[in-house]
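Please open the model in your viewer, switch to a cartoon representation and keep the selection panel at hand. The stops below go from one element to the next.

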Amino acid sequence: MQSISKTRRIFLKKAALGGITAVAAPHLALVPAEKALADQVKEDNLVFLFQGDSITDGNRGRDKDPNHIMGHGYAFSIASRVGARFAEKGLTFHNRGISGNTVPDLLARWQQDTLALKPDVLSILVGVNDTDLALRQKDAEATAKYKKGYSTLLSQTKEQLPDSLLVLCEPFVAPVGRVKEHWSEWQSEVRGKQEVVERLAKEYNAVFVPLQTVFDKAALRAPADYWIWDGIHPTVAGHELIAQEWLKQVSKRVPFLKKL
């Protein structure tokens, strides 16, 4: 019988390679990659980690109180839903988002707050503070710096945790409040960050979660401030949109999530 740690390694390695196999040799895939994983691997004792800025932070507690440890945003929604449905799998959830963080801030604490936790599934949402800072400082090189720093985060992760499944969430904004006052500038600056995240997701064979499209479509159903109250931070309904899209995309690589 395989040990738990070996089982986890096999699961994440196959999850990471599944997408490549389907693209490189579709004629060899007699069954869908997701089904093959589900049939062959026991997906237990996985560690999920959510990293980022205030959107991930969600005013989370800084101690071990399980009532507040995940905050009150999308990370909480995902962890509560997945944890309750798959209690028998022994899953662990961590939230290490910190309000105001940029990519350089994540770099400064990556070893302690990410790599040391040895996540099997690592979700990252960062970029809106990098966008805000770039606009305030009129930094024409901000997107290039963002790409370099973000790539460093991912390369360090793959070096130390080669079997971890990366989930890269697209930064997003909405035309509300101070963001609306300078909407064209915000759109232009954040678009550069969004393109970086999508390209890095392909480069590192990560799950890409396209959140700007989600919020743009939602704004056709209700006003933008119903979903993102200040142009940056989601409302309760907005966090639910993130959770739904995250689960939709990640379930393509973590098959048991399709049972939700």
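How many bridges join strand E1 (residues 47-52) to E2, and in which sense do the two run? In this predicted model, 4 bridges link E1 with E2, and the two strands run parallel; select Leu49 to find His94 of E2 standing opposite.

With E1 still highlighted, add H5, which packs on the sheet in contact with E1 and E3 and whose direction makes about 160 degrees with that of E1. Then select helix H12 (residues 236-250), which also packs on the sheet, touching E1, E3, E4 and E5, with a direction about 155 degrees from that of E5.

Now show the strands together: 5 of them form an open sheet with parallel pairing, in the order E2-E1-E3-E4-E5. Strand E2 (92-95) and E5 each have a single partner strand and stand at the edges, so one side of each lacks a neighbour in the sheet.

Move next to E4, which pairs with E3 in the parallel sense over 5 bridges, Val121 standing opposite Leu165 of E4. E4 also pairs in the parallel sense with strand E5 (residues 207-209), over 3 bridges, and Val207 in E5 is the bridge partner of Val167. Colour the side chains of E4 by face: Leu165, Val167 and Cys169 lie on one side, Leu166 and Leu168 on the other, and all are buried.

Finally, select helix H7 (residues 142-160), whose buried residues include Tyr146, Tyr150, Leu153 and Leu154. Among the elements covering the buried residues of H7 are helix H6 (128-137), strand E4 (165-169) and helix H9 (183-203).

Conventions. Residues are numbered from 1 along each chain as its sequence is written. This is a predicted model: local features need pLDDT of at least 70, side-chain atom pairs count only at pLDDT 80 or more; totals for chains, interfaces and linings use all residues. Side-chain values use heavy atoms; hydrogens and water are left out. Buried means under 20% relative accessible area, exposed over 50%, partly exposed in between (1.4 Å probe, protein chains only). Contact means heavy atoms within 4.5 Å. Two strands pair if DSSP finds at least two bridges between them. Axes are lines fitted to C-alpha atoms, for helices over the stretch in contact, and angles run from 0 to 180 degrees between N-to-C directions.
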